[in-house]
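Biologist: I should like a close look at a single part of this model, followed outward to the elements around it. Please give the cut-off behind each term as it arises.

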Amino acid sequence: MSKKAHNYLLKTGDKYCPLLSKIVTQNGVITIDVPKNLDVFDCFAQTVVEQQLSYKAAKSIWRKVTDSAKDMNIKLIDYFDEKNFELIKINGLSKNKIKSIMGAKEAINNGSISMNIIQELPYKEYKDLVKSLWGFGDWSAEMIAIFYLGRTNVWSDGDLMLKKGIEEICENSSITPHELVELVDPFQSYLALHIWRHKD
């Protein structure tokens with residue numbers, strides 16, 4: 001799939017936007033590596049941590065959160081408990097982010113969200129389910145879909161780095177960013193990954 005997507009993006013770039021071909025060639029073949037034995041709560045919690053933060057800042061906060069849970073010898077889902085809120089805030093999470101994560105915990109505990117459910121739902125229904133949680137919007141659903149479910153045809157209009165990157169790619173081409181996104185269907189996730197790597 002990764003090689004097929006790579007060649008498809010190159011072909012599209014050669015025909016419409018040379019800068020895309022250049023970026024894809026420089027990056028090489030990119031794979032979508034979904035973590036094995038992933039806990040559904042962990043992926044929802046980490047996505048909330050990453051909202052509106054740089055990769056470096058989010059990684060630092062996530063490390064503090066997971067280290068705190070390990071120090072207490074408990075699972076991450078159990079660490080997110082009212083009695084630990086002050087410690088979680090010290091880790092670097094805002095009240096709103098804690099609220100979002102606690103909402104995800106409730107949904108997981110009551111069975112309305114599980115890894116099987118989000119893996120098997122059609123994409124629109126999947127997004128609607130994730131967005132029904134407080135503090136989870138399109139961007140969060142899209143990041144979970146790419147990085148934790150390995151969906152290959154996801155594009156995030158709300159991601160600022162993608163917005164800037166695709167505008168740059170299309171600036172001296174014959175097509176618009178929207179047209180490029182449509183052209184690379186069913187490999188939109190790979191386009192996003194190439195732009196992130198290029199802009200990183």
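Which residues are buried in α3?

Modeller: This is a predicted model, in which local features need pLDDT of at least 70, side-chain atom pairs count only at pLDDT 80 or more, and totals for chains, interfaces and linings use all residues. Residues are numbered from 1 along each chain as its sequence is written, and side-chain values use heavy atoms, with hydrogens and water left out.

The buried residues of α3 are Val40, Phe41, Cys43, Phe44, Ala45, Thr47, Val48 and Val49. Buried here means under 20% relative accessible area, exposed means over 50%, and partly exposed lies in between, with a 1.4 Å probe and protein chains only. Helices are DSSP runs (H or I, at least four residues), numbered from the N terminus. Because 8 of its 11 residues are buried, α3 is largely enclosed by the rest of the structure. The cover over these buried residues includes α4, α5, α7 (95–109), α8 (115–120), α9 and α10.

Helix α3 (residues 40–50) also gives the most to the largest nonpolar core, with 7 residues. A nonpolar core is a set of buried Ala, Val, Leu, Ile, Met, Phe, Trp, Tyr and Cys residues joined through side-chain atoms within 4.5 Å. This core has 64 residues, of which Phe44, Ile118, Ile144 and Leu180 touch the most other members. Leaving aside neighbours within four places in sequence, Phe44 is in contact (heavy atoms within 4.5 Å) with Ala104, Ile113, Ile118, Val130, Leu133, Phe136 and Ile144.

Two of these partners, Val130 and Ile144, lead to the pairing of α9 with α10. The axes of helix α9 (residues 123–131) and helix α10 (residues 138–147) come within 9 Å and cross at roughly 125°. Axes are lines fitted to C-alpha atoms, for helices over the stretch in contact, and angles run from 0 to 180 degrees between N-to-C directions. That angle makes α9 oblique to α10; under 35 degrees counts as roughly parallel, over 145 as roughly antiparallel, 65 to 115 as roughly perpendicular, and the rest as oblique. From α9, Tyr123, Tyr126, Lys127, Val130 and Lys131 meet Asp138, Ala141, Glu142, Ile144 and Ala145 in α10. By class, this contact of α9 with α10 has 6 nonpolar, no polar and 4 charged residues. Ala, Val, Leu, Ile, Met, Phe, Trp, Tyr, Cys and Pro count as nonpolar, Asp, Glu, Lys and Arg as charged, and the others, Gly among them, as polar.

A further link to α3 comes from Tyr148, in the loop between α10 and α11 (160–170). Tyr148 is buried, with a relative accessible area of 9%. Not counting residues within four places in sequence, Tyr148 is in contact with Val34, Pro35, Leu38, Cys43, Gln46, Thr47 and Met143; among these, Cys43 and Thr47 are buried residues of α3. The C-alpha atoms of Tyr148 and Lys36 are separated by 9.3 Å, although these residues are 112 apart along the chain.

The loops on either side of α3 each hold a residue of note. Asn37 is found in the loop between α2 and α3, and its phi is near 50°, a positive value in a residue other than glycine. Gln52 is in the loop between α3 and α4, with a phi near 55°, likewise positive in a residue other than glycine. Most residues other than glycine have a negative phi, and most peptide bonds are trans. Asn37 counts as exposed at 82% relative accessibility, and Gln52 is exposed at 83%.

Beyond α4, Met72 lies in the loop between α4 (55–71) and α5 (76–79). At 34% relative accessibility, Met72 counts as partly exposed. Residues up to four places away in sequence aside, Met72 touches Tyr79, Asn84 and Leu87. Its C-alpha atom is separated by 20 Å from that of Cys43, 29 residues away along the chain.

On the other side of the loop that holds Asn37 is α2. The axes of helix α2 (residues 18–27) and helix α13 (residues 188–199) come within 10 Å and cross at roughly 75°, and the two are therefore roughly perpendicular to each other. Leu20, Ile23, Val24, Gln26 and Asn27 of α2 make the contact with Leu191, His194, Arg197 and His198 of α13.
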